[in-house]
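Reader: Got a minute to go through a model with me? I'd like to start with the cysteines.
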Amino acid sequence: MADPLRNRSRAAAFLCYHSIHEDGPEWLSVAPSTFAAQLEALSARGWGSGTESDLRGAAAGRAPGERPLAYLTFDDGFADNHETAFPLLRDHGLTAMFFVLPSHLDGRALDWPEVAGDHEDHPEVMRSLTWAQVEEMAEAGMEFGSHGLAHSHLPELSDEELRQELVDSRRLIAERLGSCAMLAYPFGDWDGRVAAAAAEAGYEFAFTLPRSHQRRVGPLSIPRVSVDFRDDAGRFAMKLRPLGRRLYLSRLKTMLRR
């Protein structure tokens, strides 16, 4: 049986979203109508929602259930995750995992250097959730994890800076929500040192976003497939198929993107 955490099996698909907005930055946004159609496609095909509990089962080697599981993950904590994604998920009886920057969770601008241009062009979109919104979503069954403190490239940090990013962000979320066992590496960037630091900080699971083939996969290096503005019904259906995800996460990715 294929390991579900490799994101190449029929048992589980790990998908990564950011903003759900009609007029957001192209590479970070999916239109609400497109997202609703994707949720309808998941429901029609019998997919359920993957949860933190399901991750523990997969990591322990327990056999998957009858239904395939879609792990819908959201990076950065865009305000529209509450305004738009949250009600659509509830309407379809699905849940998701949201990875937030606790230092931004007061409605602050999402404006680290790599997205400064996006913030300038889309200031109303590039803003964060608030703690009150996070708590409301958590009470409704949505799950939350850390995305660090400053959206830094973690492999570039010193050991102490890395520890602070991982420990402090986890602590701040756990203080508000009771626990924080999951991490999504900012930019999807990680290496062995970063994964070891995540384990030392107390995370059980961490997600990557590979730009090329990722050889090593485990609970602290779960690869995801990005969903963006290009994903019409056909492209999205391909990402739900094991073959499509195998190709997307293979060495052929660069060629396929061309």
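Author: Sure. Keep in mind that this is a predicted model. The sulfur of C16 has its closest cysteine sulfur in C180, 16 Å off, which is too far for a bond.

Reader: What's the cut-off for a disulfide here?
Author: The two cysteine sulfur atoms have to be within 2.5 Å. C180 is in no disulfide, since the nearest cysteine sulfur to its own is that of C16, 16 Å away.

Reader: So how many disulfides does that leave?
Author: Zero, by this rule.

Reader: And is C16 buried or exposed?
Author: C16 is buried, and its relative accessible area is 0%.

Reader: What about C180, buried or exposed?
Author: C180 is buried too, with a relative accessible area of 2%.

Reader: OK, switching to packing. How many residues are in the largest nonpolar core?
Author: That core has 51 residues. Y17, F35 and L72 are the ones with the most contacts inside it.

Reader: Let's take L72. Which residues is it in contact with, leaving aside neighbours within four places in sequence?
Author: For L72 the list is L15, Y17, L39, L42, L89, T95, A96 and M97.

Reader: Anything besides that core?
Author: Yes, there's a second, separate core of 15 residues. Its members include A58, M97, F99 and F207. M97 of that second core is also one of the residues that L72 touches.

Reader: Now helices. How do α6 and α7 cross?
Author: Helix α6 covers residues 159-177 and helix α7 covers residues 192-201. Their axes come within 9 Å and cross at roughly 45°, so α6 and α7 are oblique to each other.

Reader: Left-handed or right-handed?
Author: The crossing of α6 and α7 is right-handed.

Reader: Which residues make the contact?
Author: On α6 they are D159, L162, L166, V167 and R170. On α7 they are R193, V194, A197, A198 and A201.

Reader: And α3 with α5, at what angle do they cross?
Author: Roughly 20°, with the axes coming within 10 Å. That makes α3 roughly parallel to α5. In sequence, α3 spans residues 80-91 and α5 spans residues 131-139.

Reader: Is that crossing left-handed or right-handed?
Author: The α3 and α5 crossing is left-handed.

Reader: Last one: which residues of α3 and α5 meet?
Author: From α3 you have N81, H82 and F86, and they meet Q133, E136 and M137 in α5.

Terms used:
Residues are numbered from 1 along each chain as its sequence is written. This is a predicted model: local features need pLDDT of at least 70, side-chain atom pairs count only at pLDDT 80 or more; totals for chains, interfaces and linings use all residues. Side-chain values use heavy atoms; hydrogens and water are left out. A nonpolar core is a set of buried Ala, Val, Leu, Ile, Met, Phe, Trp, Tyr and Cys residues joined through side-chain atoms within 4.5 Å. Buried means under 20% relative accessible area, exposed over 50%, partly exposed in between (1.4 Å probe, protein chains only). Contact means heavy atoms within 4.5 Å. Axes are lines fitted to C-alpha atoms, for helices over the stretch in contact, and angles run from 0 to 180 degrees between N-to-C directions. Helices (H or I, at least four residues) and strands (E, at least two) are DSSP runs, numbered from the N terminus. Angles under 35 degrees count as roughly parallel, over 145 as roughly antiparallel, 65 to 115 as roughly perpendicular and the rest as oblique. A crossing is left-handed if the near helix is turned anticlockwise from the far one by less than a right angle, and right-handed if clockwise.
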